[in-house]
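This report describes contacts between chains and between domains in a predicted model. The structure is shown first, and the description follows.

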Amino acid sequence: MPDSVTLLFAFVLALAGMGWLALAMEAHWEQVYGEAVCSPALARRLRWLGGLSLLGALLLCLAVDHATMAALVWFMTLAAAALVVAFTLSWRARWLAVLLPGIRAELN
Amino acid sequence: MFQNLRLSMAWLHTWFGLVLGFVLMIVFFFGALSVFDREIDRWAIPSSRFEAQPMPSFDQVLKPVFETMQPSAERIDQLRNKVNGPVPTHFTTPSVWGAYTTHRDPVLGLFVGYEVPNAKEHDTRVFALRTIDPRSGASLPDDRLKIGSSFFYPMHYSLTFYWKNVGYWIVGLAALIMLAALVSGVIMHRKLFRELFTFRPNKNKQRSLLDLHNLTGVVALPFHFFFAFTGLVIFAGIYFPITHTQLEPLHELHERLDAEETGLPHDRAGVAAPMASVDAMVVEAQRRWAEKGMAGEVGFLAMRHVGDANGYVSIYRAGTDRIALTGEGIHFKAFTGELLREDPPSSAVDSVNEFLTGLHLQHFRHWLLRWLYVLGGLMGCVCIATGFLFFVEKRKRQHAKQGSQGARVVDALAVTTVTGMVVATLGILIANRLLPDSMGAGWPERQAMERYIFWGAWALAMVHAFLRSAPVAQGRLNPAWREQCLAVAGLAVVAVLLNWATTGDHLLRTLSAGYWPVAGVDLFMLAGAMVALFAARKLKQRAQRAPVLRPESSGPAHA
Amino acid sequence: MLGGYVFTWGGIALGVAGLFAAGMEFHDAEHLCNILGFLVFLVVFLWAFAARSMPRVWLVLLGGGGLMTASASLIQHMLV
């Protein structure tokens, strides 16, 4: 797999990871799903999923570059991903519903 | 001083952040631009718009050029206070010849350091610089300003304020305060993790601004911290010159011991000797690197004690594939070409230091990481700018009621440092395209003209910002923000069009040829224009919606 | 801030002299102490603002800094 595709996947994993971590927070869950309840068990699972996804992004980065560079690429990718998730929540919160197929997003 | 930690940190963050924030805006913005300094150079110097070149043959291309290089009149003039007797006009004893290139350099920078006869201090040197086209050895004219690497980049670490290194100190202080602001910001921000993704643009202005300030600050916190910190470490020699002042004797002791150990002569022998083939030494160096599993290109070539029996040649590897700035230096005796020394692997401390400096100075080849650095730098700018805006918003109405001018002044300064700075940047790029090749008698050099136009444009922006700031004293928005956004959008488009008009390299051509450096600069400016237009439109909408507050109004108190 | 600078100068000076005397390579000692030095400066700077007693701050910064600087010169004197 060419390097740029690997790094693209890393970014996608980072995005998903940040998205799941955000959904695990009550305020953001409400933004996306409205009245639907988020059980503590689900919130915990979301956090695990988020963390693992971020770790996956790191592994992909390491596959492409020398360790020192990969670490930096990973840190900056996380920052970019967090920024994108934050802006999505501000203006198109419903888009994050794609991260949990099976739960309907709040229609408003 | 304060009742508790949080209050003291809040005071520190607000006031030191405000004052040094203006300097930090400059540092972050020009730092972000400096990631692509050599690409900006190529935009500014059309004759250098070709592919990056490896280090050329020393024996055939570089040696003839080195032999003809002499210091400029300006540099010779600076020697006046450093010599006993008349200042020499011609120099014959080079103590060092150097050539440095990276994977992003089409043209090659050369320097020669000459010994100065009759100097008051025996290790005084005068330098000659030259830029050549490595494919042919032809020299480029000296008065072309490399706007990226010789203006924006020095602006970033010294504000080009060289008198007694004051600029360096101001930037250093700002960096320290940046670190303090980051830590105090974290202490102040109670819900750091809970509000990590929080940005509420539809709430009241103060809340939205604070959200954005926190978002851009926290999300890139490691980046902001590390860049300020590594920047300080890089210039530690300036800020804490301990080993050249108080502990100088220890330093000298070490140098003597070191010279004996490494076999690299400290001084000339005084016996003339010709140089063996450096190209052969380069081949040998590359062979040794490959043997160690670190095959690579030559990054830096240096010859010391040129023409002397003690002369030696040092060859360093270009650091393209890793963060750390290792050199893997290999040294040869100039006269015979035999190996003198292969630099041993770095110690633990050295490796850490190389990593930290390499992180900041970015000699590596990784385009994605570079763009991510630019993103980080721009996030820093947004963080600082929203900080200013929050400061003004919070106090604007209060000051309006009290008839105070405080918020107005800060707001005008904020306009100057945010949009004004961008106006000045575009100004110098436009001047670069419009000024004639040689200015003619009576006018300052082209390089100097470009710089004057930069500062002039910035000064104009400042005057404009202050003249238009009266509404802020009444609790309203300064129209200068919108007007300068429109100016930025216009100037950016003009710059791109001028590039086309004066060089023929319009976007369709550069993109289809895959010539990213110039296309990248043009595209970045166009994207900036779009952002500026969008901002201007939003500001107009906001101005039309905002209520008008009069100082003697008896309206309800605002939250 | 000045107090912090004096304190950090002293810290770096003592660190470099001490480590060199103990056998560490000179430039290594220098780099290590520079890196630690800026972190120390940061901490000390923040402490100066958060601390409750101003006289105590001055005593530690100027006093400590002065003491460390002098010790560094002493070590240097013994080596050179």
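## Domains and interfaces

In this predicted model, the domain assignment divides chain B into domain 1 (51-145 + 264-359) and domain 2 (405-549 + 555-559). The C-alpha centres of these two domains of chain B are 40 Å apart. Contact between them involves 5 residues of domain 1 of chain B and 8 residues of domain 2 of chain B. On the side of domain 1 of chain B that touches domain 2 of chain B, 4 residues are charged, 1 is nonpolar and none is polar. Nevertheless, 0 salt bridges are counted between the two domains of chain B, and the number of residue pairs in polar contact, both at pLDDT 80 or more, is 0.

Chain B also meets chain C, through 41 residues of chain B and 35 residues of chain C. Of the area that chain B buries against chain C, B:Phe240, B:Gln246 and B:Leu250 supply 20%, more than any other three residues.

The buried areas of the two interfaces are listed below.

| Interface | Buried area | Share from carbon and sulfur atoms |
|---|---|---|
| Chain B and chain C | about 3,600 Å² | 78% |
| Domain 1 of chain B and domain 2 of chain B | about 600 Å² | 47% |

Between chain B and chain C there are 0 salt bridges and 1 residue pair in polar contact, both at pLDDT 80 or more. Several helices of chain B give two or more residues to the side that touches chain C, including helix 1 (5-34), helix 8 (221-234) and helix 10 (248-262). Helix 6 of chain B gives the most, with 7 residues. By class, this side of chain B has 30 nonpolar, 9 polar and 2 charged residues.

Methods:
Residues numbered from 1 in each chain as written. Chains lettered and ligands numbered in written order. Predicted model: local features only at pLDDT ≥ 70, side-chain atom pairs only at ≥ 80, totals over all residues. Heavy atoms only, no water. Contact = heavy atoms within 4.5 Å. Buried area = accessible area lost by both parts, 1.4 Å probe. Salt bridge = Lys/Arg side-chain N within 4 Å of Asp/Glu carboxyl O. Polar contact = N/O pair within 3.5 Å; in protein donor to acceptor, adjacent residues only side chain to side chain. Helix = DSSP H or I, 4+ residues; strand = E, 2+ residues; numbered from the N terminus. Nonpolar A, V, L, I, M, F, W, Y, C, P; charged D, E, K, R; others polar. Domains from an automatic or database assignment.
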